[in-house]
Amino acid sequence: VGSEMCIRDRYLQNAALLTASSLVLRLLGMGFRVILSAYLGGEGMGLYQLIMALYAVFIALATAGVNVASTRLAAQSLARGQGLGTTARRLCTTALLFGTAAMAAQSLLAGPLARWLLHDVRAEAALRVLAPSLPFMAVAGALRGCFLARRRVEPNAVAQLVEQLVRMGVVWLALRRVEGWGAGYACAAVLAGNTVSEA
C-alpha cells in the first residue's frame, strides 16, 4: 500500500509540475510574440511565420518518433534491470544521425526553398541559421524520453524554461543589433535565438 501511495504521489507531483511549467511557458511565449510583433511589424511577422512553417517540416524529419521511441526503449531497459547507460547512448547517437541529416537537408535546400516555395529570398539566411538547431533538438528528444521513462519530469521542465529564457534574451540582443536592417535580417536574428537556445 505504501508503495502504491508513493507512486500515486509521484504521479501527482509530476502532473502538477508539468501543468505549472506549461502555464509559465505559454505566458512567456505570449509575451515573446508581443515583443516580436513590435520589432518585426506585419511584413516581418509574415516572413517569420512562413519560415517557421517550413522549419516545422525539418523538425518532423529530425525528431519524428524520437521522444516516444526513447521513452519506450528506456522503459524496457529499466524493466529488464539493464540500466540506461548503453540504451541512452544508442538513442542519442541515432537521434544525432537523424538530426544531422535534417540539418544537412535544410542547409542545402535553403536557397531553392526560399526562392521557389516561399517566394522570398530573404528566408534563405534564416533557414540556414536555423539548421544547426536540428541535431540538438533530436538529441534533446532522446534524452527527454529517457527522463520520462524514469518518471522524472523536472529536468525536462527546467530545460524548457531555460531554453525559452535564453531564446528571449538572445533575440532581444540580436534585434537591437540589426535594428533598421530590414525584415530579412530581423527574422534571421530572431531565429538565431532559437538555434542558440536549442544548443
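Is M30 buried or exposed? Let me begin with that residue, keeping in mind throughout that what we have in front of us is a predicted model. M30 has a relative accessibility of 53%, and because the threshold for calling a residue exposed is over 50%, M30 counts as exposed. In terms of secondary structure, M30 belongs to helix α1, which covers residues 2–63. It also has company at the surface, since M30 joins L23, L27 and V34 in a nonpolar patch, and the accessible area of these four residues together comes to about 420 Å².

From there I would like to turn to a residue in the opposite situation, namely S133, which has 0% relative accessibility and therefore counts as buried. S133 sits in helix α5, the helix that is made up of residues 133–149. A polar atom of the S133 side chain lies 2.6 Å from the backbone oxygen of L130. If we set aside residues up to four places away in sequence, the residues that S133 touches are Y55, N194, T195 and E198.

The remaining part of the talk concerns charged side chains. As a general matter, side chains of opposite charge can pair when their charged atoms come close. In this model the count comes to three salt bridges, and I will go through them one at a time.

In one of them, R122 pairs with D120, with the closest N and O atoms 2.7 Å apart. As for their surroundings, R122 is partly exposed at a relative accessible area of 31%, whereas D120, at 15%, is buried.

Another salt bridge brings together the side chains of E124 and R115, with an N to O distance of 3.7 Å. E124 has a relative accessibility of 19%, and because the cut-off for buried is under 20%, E124 counts as buried. R115, by contrast, is partly exposed, its relative accessible area being 41%.

E124 also takes part in a salt bridge with R128, where the N to O distance is 2.8 Å. These two residues are four apart in helix α4, residues 123–130, so about one helical turn separates R128 from E124. R128 itself is partly exposed, with a relative accessible area of 38%. Through shared partners, the salt bridges link R115, E124 and R128 into one network.

To bring the pieces together, we have looked at a nonpolar surface patch that includes M30, at the buried residue S133, and at a salt-bridge network in which E124 is joined with R115 and R128.

Methods. Residues are numbered from 1 along each chain as its sequence is written. This is a predicted model: local features need pLDDT of at least 70, side-chain atom pairs count only at pLDDT 80 or more; totals for chains, interfaces and linings use all residues. Side-chain values use heavy atoms; hydrogens and water are left out. Patches are made of residues with over 30% relative accessible area and no salt bridge: like charges are joined within 9 Å, nonpolar side chains (Val, Leu, Ile, Met, Phe, Trp, Tyr) within 5 Å. Accessible areas come from the Shrake-Rupley method with a 1.4 Å probe; for residues, only the protein chains shown count as cover. Buried means under 20% relative accessible area, exposed over 50%, partly exposed in between (1.4 Å probe, protein chains only). A polar contact is a pair of N or O atoms within 3.5 Å; within protein, one must be able to donate a hydrogen and the other to accept it, and residues adjacent in sequence count only if both atoms are side-chain atoms. Contact means heavy atoms within 4.5 Å.
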